[in-house]
Amino acid sequence: MVRKNKLYKHHKSKAFFYVRNFSIVLFGLIGVGVAITVPTYIASIKNEQIAIKAEFDESKKEENKESIEDSVESEDLLNY
């Protein structure tokens, strides 16, 4: 059995195999990039939402403290 050159056997040009190998590597790198980027993006959004919620809760607590202080002052004035 005689071994044939891959280019002759498949009737493809040399550039075809270079482009095919380059595209396989490119898609692999894009896949790895997406696999790293998407979870990182989701985690950053969750952290951002937690910070916003904590800030909102803190401001709400401050408002409650102020309203409690106002109600205590008004009760003191009414009782006096």
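A nonpolar patch, as used here, is made of residues with over 30% relative accessible area and no salt bridge, with nonpolar side chains joined within 5 Å. Keep that in mind as you work through this predicted model.

**Exercise 1.** Find out which residues make the nonpolar surface patch, and classify Val38 as buried, partly exposed or exposed.

*Solution.* Start with the patch: Phe22, Leu26, Phe27, Ile30, Val34, Val38, Tyr41, Ile42 and Ile45 make up about 880 Å² of nonpolar surface. Next, place Val38, which sits in helix H2, spanning residues 14-79. Finally, Val38 has 40% relative accessibility, so this residue counts as partly exposed.

**Exercise 2.** Describe the protein as a whole: how many helices and strands does it have, and what share of its residues counts as buried?

*Solution.* Begin with the secondary structure: there are two helices and zero strands. Then turn to burial: 1% of the 80 residues count as buried. To finish, look at the surface, where the accessible area is about 7900 Å² and carbon and sulfur atoms account for 62% of it.

**Exercise 3.** Locate the aromatic pair and work out its geometry.

*Solution.* A search of the whole structure turns up one aromatic pair. The partners are Phe16 and Phe17, with ring centres 5.2 Å apart and planes at 80°. Planes over 60 degrees apart count as edge-to-face, and therefore the Phe16 and Phe17 pair is edge-to-face. Now compare how the two partners are covered: Phe16 is partly exposed at 37% relative accessible area, whereas Phe17, at 11%, is buried. The cut-off for buried is under 20%.

Note on methods
Residues are numbered from 1 along each chain as its sequence is written. This is a predicted model: local features need pLDDT of at least 70, side-chain atom pairs count only at pLDDT 80 or more; totals for chains, interfaces and linings use all residues. Side-chain values use heavy atoms; hydrogens and water are left out. Patches are made of residues with over 30% relative accessible area and no salt bridge: like charges are joined within 9 Å, nonpolar side chains (Val, Leu, Ile, Met, Phe, Trp, Tyr) within 5 Å. Accessible areas come from the Shrake-Rupley method with a 1.4 Å probe; for residues, only the protein chains shown count as cover. A salt bridge is a side-chain nitrogen of Lys or Arg within 4 Å of a carboxyl oxygen of Asp or Glu. Helices (H or I, at least four residues) and strands (E, at least two) are DSSP runs, numbered from the N terminus. Buried means under 20% relative accessible area, exposed over 50%, partly exposed in between (1.4 Å probe, protein chains only). Rings of Phe, Tyr and Trp (its six-membered ring) pair if their centres lie within 6.5 Å; planes under 30 degrees apart count as stacked, over 60 as edge-to-face and the rest as tilted.
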